[in-house]
Amino acid sequence: MTTVRTGSCLCRARAYEIAGELDGVWVCHCSLCRKASGANGNWILIVPRAQFRWLRGEDHGETFALRQSYTVTRCKTCGTPLPAEVDDANIYVTAGTLDEPLGAGVRAHLFCASRADWDADAPGVRLFDERPR
Ligand SMILES: [Zn+2]
Ligand SMILES: [Zn+2]
């Protein structure tokens with residue numbers, strides 16, 4: 001039986017499903033991905049097109065094109081960055097939009113030379129299961 005996982009944006013206007021196993025997450029730390037994500041980079045699942053299917057909201061995205069080779073598509077309502085269809089073979093799915101566990105970890109970090117100097121745990125970093133009170 002094929003495993004099917006779903007994903008969606010924050011407001012759930014857009015949703016997708018991925019069939020089959022994936023081998024992990026690719027993290028890009030390049031300067032574009034840091035700015036576009038507002039975080040330490042983009043955490044991406046590279047999904048062959050045959051494994052990806054929109055459930056709803058396929059047309060409810062707005063694509064921002066910094067340049068032809070670098071676009072970001074966000075939900076029109078909530079702004080969540082969602083899968084970009086940037087090449088003929090694969091869909092690039094933002095890993096944080098998955099609704100369920102992936103069953104795999106990080107496969108590779110790209111553009112590590114551009115990694116922010118704060119993108120590492122400080123000595124004595126505190127970990128909370130939820131927000132501290
Ligand atoms: Zn949304
Ligand atoms: Zn990048």
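These are my notebook entries on a predicted model, covering its zinc sites, nonpolar cores, aromatic pairs and a few single residues.

**Conventions**

I number residues from 1 along each chain as its sequence is written, and I letter chains from A and number ligands from 1 in the order in which they are written. Because the model is predicted, local features need pLDDT of at least 70 and side-chain atom pairs count only at pLDDT 80 or more, while totals for chains, interfaces and linings use all residues; side-chain values use heavy atoms, with hydrogens and water left out.

**Entry 1: zinc ion (ligand 1)**

I looked up the protein donors, meaning N, O and S atoms within 2.8 Å of the metal (3.2 Å for Na, K and Ca); water is not among the atoms, so sites may look incomplete. For the zinc ion (ligand 1) I found Cys9 (SG), Cys11 (SG), Cys75 (SG) and Cys78 (SG), at 2.3 to 2.4 Å. Along the chain these donor residues are spaced C-x1-C-x63-C-x2-C.

Which arrangement do the four donor atoms make? They subtend angles of 106 to 112° around the zinc ion (ligand 1), so I logged the arrangement as tetrahedral. For four donors that label requires all angles to lie between 85 and 135 degrees.

I then checked accessibility, where buried means under 20% relative accessible area, exposed over 50%, and partly exposed in between (1.4 Å probe, protein chains only). Cys75 is buried at 4%, whereas Cys78 is partly exposed at 26%.

**Entry 2: zinc ion (ligand 2)**

The zinc ion (ligand 2) has the protein donors Cys28 (SG), Cys30 (SG) and Cys33 (SG), lying 2.2 to 2.3 Å away. Their spacing in sequence is C-x1-C-x2-C.

Are these three donors buried or exposed? Cys28 is buried at 13% relative accessible area, Cys30 is buried at 11%, and Cys33 is buried at 7%.

I also searched the whole structure for disulfides (pairs of cysteine sulfur atoms within 2.5 Å). The search returned zero.

**Entry 3: nonpolar cores**

I defined a nonpolar core as a set of buried Ala, Val, Leu, Ile, Met, Phe, Trp, Tyr and Cys residues joined through side-chain atoms within 4.5 Å. The largest has 17 residues, and those with the most contacts inside it are Tyr16, Ile18, Leu45, Val47, Phe52 and Val93. At least two residues of this core come from each of strands S2 (15-19), S3 (25-28), S4 (42-48), S5 (52-56) and S8 (90-94). Strands here are DSSP runs of E, at least two residues, numbered from the N terminus.

A second, separate core has five residues, including Cys28, Cys30, Tyr70 and Val72. Cys28 and Cys30 are thus entered twice in this notebook, as they are also donors of the zinc ion (ligand 2).

I listed the contacts (heavy atoms within 4.5 Å) of Ile18. Leaving aside neighbours within four places in sequence, Ile18 contacts Thr3, Val4, Arg5, Leu45, Val47, Gln51, Phe52, Val93 and Leu98.

**Entry 4: aromatic pairs**

Rings of Phe, Tyr and Trp (its six-membered ring) pair if their centres lie within 6.5 Å; planes under 30 degrees apart count as stacked, over 60 as edge-to-face and the rest as tilted. I counted three aromatic pairs by this rule.

Tyr16 and Trp54 form an edge-to-face pair, with 6.4 Å centre to centre and 90° between the planes. Tyr16 is in strand S2 and Trp54 in strand S5, so the pair ties together parts that are 38 residues apart in sequence. Phe52 and Trp54 are also edge-to-face, at 5.5 Å centre to centre and 90° between the planes. Tyr16 and Trp54 are both buried, as is Phe52. Tyr16, Phe52 and Trp54 form one aromatic cluster.

**Entry 5: Thr80**

Thr80 sits in the loop between strand S7 (70-75) and S8 and is buried, with a relative accessible area of 13%. What does Thr80 touch, not counting residues up to four places away in sequence? The list is Cys9, Leu10, Thr73, Arg74, Cys75 and Thr97. Of these, Cys9 and Cys75 are among the donors of the zinc ion (ligand 1). The C-alpha atoms of Thr80 and Cys11 are 8.5 Å apart, with their positions 69 residues apart along the chain.

**Entry 6: positive phi**

Arg12 is not a glycine, yet has a positive phi of about 70°. Arg12 lies in the loop between strand S1 (4-8) and S2 and is partly exposed at 48% relative accessibility.

Phe111, also not a glycine, has a positive phi of about 55°. Phe111 is in the segment after strand S9 (106-110) and is exposed at 54%.

Technical notes
Helix = DSSP H or I, 4+ residues; strand = E, 2+ residues; numbered from the N terminus. Tetrahedral: all angles 85-135°; square planar, octahedral: opposite > 155°, others 65-115°.
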